[in-house]
Amino acid sequence: MMTMRAGSIATRFAGMTGSAALIAAIVVAAAAALPLVLSNYQVGLATEVLIFGILAMSIDILGGFAGRTSLGHGAIFGVSTYVVVYATAQAGLPAAAAFALGVLAATLIAAIFALLAVRTSGVYFLLLTLALGMIVWGICLRWTQVTGGENGIRGDVRPALLVTHSAFYWAVLAGAAVVAYAMWRFVRSPFGLTLRGIRDSESRMRSLGYNVPLHLFIGFTVSGFFAGIAGALYAMFNNFVSPSTVALAQSVEGVLMMIAGGVGTLFGAFVGAAAIIALENVVSAYTERWQTVLGITFILIMIFAPEGIIGKLRAIPTRKVR
Amino acid sequence: MSVFQLLNGLTFAALLFVVASGFTLIFGLLRIVNLAHGALYLFGGYIGYFVATRTGSFVLGGVGAMAAVAAVGFALDQGLLRFVRGNELRQVLLTLGVAFVLNDLALVIWGGDSFTVPIPQMLRGGLRVFGVFYPTYRLFVLVTGIVLFAALWLLLNNTRLGALIRAGVDDAEMVEASGVNIRRVFLVTFLLGSALAGLGGLMGGAFLSLYPSADAEILVFSLAVVIIGGRGSLVGVGVGSLLVGLLNTLGQVMFPELAYFVIFGPMAVLLAFRPLGLFGRAT
C-alpha cells in the first residue's frame, strides 16, 4: 500500500514518501470522520475493527514477514486483557498503569512463547504456538480465584474521559495510527529485512552470519508487544474478560483476518478485520451459528483465496495483462 | 505418588495413546496435521454414546463410532483436503476450520449437556490390583491401549500395508515410482487414524465424559504427545502418551489449578534440545 516508488516526490515525512504520507493522512482523516456519520453501535464496530486490525497486524509481522504463522496470539492478546481488567477491577490501579501492566504481561508471555518456538518452523511452529495458547486458555479457565473461571471478570476499565463511543473511538484510532506506523517502520527496518531474509531462506541467512533464533525471538516478542496493546485496548472496549478472550477461536480469528487481508501486506489487516467483523455481525442477525460460519469461511479462503482478499485483487490486473 | 494415582496416570496415558496414535499416523505419512482430530474424537464419543445406549451394547457403540468417524474422515480427506494437497500450512488451517464447524455442529445436535457413555455390566465395579481397589473399566482402557500398541506394531512391521506406510513416511514419491498406488495407502491411513479418534471418543466418553470443549482438551494433549514423541513414530507416541499422562496426573495432584502447566515445562526443556521430538527425524 505504501511501497516506495523511485522518482516519486522527493520530500519525505517520517520515512514515508510524500504521496504515501498524503494517503496515510487522508485515510486517518476519513476514519476520524466516521463517528460523525455512524450510529453509536456502528462506531463500536469500527472500534472493534481497529483493535482487531492491530492484532492481525501483529500476527502479520510473524506470518507475513518472518514466515511463521502463530496460532497463539489470541492468548497473548487475552493475557493483556485479563491483566488490565484484573488490575483495574480487583487491584484498583488507574487505567494508565493497568494498560502498561497489561502490555508488559503480554510481552513477557510472548517472550516465553518465543523462547520455545524460535527453534521450530513450518507446521511445528504452528502446533507449538497452538499448544502454548491452549495452555494459557486452560489456566485462565481453571485458575478460578484469580480469573473467575468460566464467569470471567467484569470491571469499569475505561477511564471517565473516554466513556462516550466517539471519544473512545478517536483514542483507539490515534493509538492504531501510531501502532500501525511503528509496525510499518519495524518491518521496513534492517531488522525487518533480516526477518524477511529468514522467511525466504533460513539456511542462507545463517550462513551469512545472522543469528536466526535471536532475530526470531526479538521479532516474536515485538509482535507480542503489539498484540498486547490490542488486548489492553480490548479490555477498555469490552470492560469484561472471560476464557473465550484467550481461546483458540480468538487466535484463529486473528489469523483469518490477517490472511483475508493479505499475508505480508500489514495494513491489509484492517481490511481483513473489517470483512470478518462485518460478516460476524451480518451472520449474527440471522443465526447463532457464527462458529460454523467462521469455520466455513476459513475452509473457503484456504481452498480458493489463500493469498487473501488484497492478494486476490492484486492478481486480477496481472492476469488480464497476460 | 500413590499406586492409585500411578494407575490413573497410566490409564489416562492409554486413552491418549489411542487418540494420539491416529493423529501421528496421519501426521507422519500424509504430512497433514489434522486439527479436526479432537472434533473427530468428540463425534466418535457422541455417536458411540448414541449407539451404545440404543443397542445396549458397548462393542456395537465402538464399531459405530469407528465407522461413523472414518466416514467423516473420508469426506474430509476426499472432499476438502484434496484441494490443498502439498501445502502444509493451508492443510492445517483448513482442518482447523473443519474443527470449528464440527464442534459447532456437535453443539447443535447434542446440546451443551455432558454425557457419560454407559459402561458395560462386565466392566463395572472394581478390581484389587497392587494392593488398591481400582475401577475395572479404567484397567480395561489400559489393556486396550497396550493391545492397540501391539496391534499397530504388528501392522506396521509385519504386513505389506505397514511396509508401505513406513516406506511412505520416508519417501512417498519413491514408493509411488515403484508402482504402488500411494494415494490408496494414504486414504487407508487417514481412515484408520480417524477411526482411532472415534474409538478414543467412545472410551474417553465413558470415564472423562463428553461435553462441548472436550475436543479442544483432548487435542491439546494429543499435540503435546506428538510434539514430545516426534512425528510419525509409534514408539514416540507410546513414550509421549506415558509422559503426558503421568505428568498430567502428577500435576493434578500437586497443583490442581495449574495442571496444564506441568506438561508445558518438560515439553519446553525437551524442545530446547530436540526440536523434532524424542523420536522425530528431519526429512
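**Exercise 1. Determine the handedness of the crossing of α1(A) and α7(A), and describe how the two helices pack.**

Step 1. The crossing is right-handed, the near helix being turned clockwise from the far one by less than a right angle, where anticlockwise would make it left-handed. This is a predicted model, in which local features need pLDDT of at least 70 and side-chain atom pairs count only at pLDDT 80 or more, while totals for chains, interfaces and linings use all residues. Residues are numbered from 1 along each chain as its sequence is written, with chains lettered from A and ligands numbered from 1 in the order in which they are written.

Step 2. Helix α1 of chain A covers residues 18–37 and helix α7 of chain A residues 165–188; they pack at about 165 degrees, with axes 9 Å apart. Helices are DSSP runs (H or I, at least four residues), numbered from the N terminus. Axes are lines fitted to C-alpha atoms over the stretch in contact, and angles run from 0 to 180 degrees between N-to-C directions.

Step 3. The angle therefore makes α1(A) roughly antiparallel to α7(A), a label for angles over 145 degrees.

Step 4. From α1(A), the contact uses A:Val28, A:Ala31, A:Ala32 and A:Pro35; from α7(A), A:Ser166, A:Tyr169, A:Trp170, A:Leu173 and A:Ala177. Contact requires C-beta atoms, placed from the backbone, within 7 Å.

Step 5. These residues divide into 8 nonpolar, 1 polar and no charged. Ala, Val, Leu, Ile, Met, Phe, Trp, Tyr, Cys and Pro count as nonpolar, Asp, Glu, Lys and Arg as charged, and the others, Gly among them, as polar.

**Exercise 2. State whether A:Ala269 is buried or exposed, and locate its contacts.**

Step 1. A:Ala269 belongs to helix α13 of chain A, residues 268–286.

Step 2. A:Ala269 is buried, because 33 other C-beta atoms lie within 10 Å; the cut-off for buried is 20 or more, with 12 or fewer for exposed and partly exposed in between.

Step 3. Not counting residues up to four places away in sequence, A:Ala269 touches A:Gly53, A:Ala56, A:Met57, A:Asp60, A:Met257, A:Met258 and A:Gly261.

Step 4. A:Leu55 is 214 residues from A:Ala269 along the chain, yet their C-alpha atoms are separated by 8.3 Å.

**Exercise 3. Describe the side of chain A that touches chain B.**

Step 1. Chain A and chain B each give 31 residues to the contact.

Step 2. Elements of chain A giving two or more residues are α5 (122–142), α12 (248–261) and α14 (290–304). The largest share, 13 residues, comes from α5(A).

Step 3. By class, this side has 21 nonpolar, 7 polar and 3 charged residues.

Terms used
Contact = placed C-beta atoms within 7 Å. Parallel < 35°, antiparallel > 145°, perpendicular 65-115°, else oblique.
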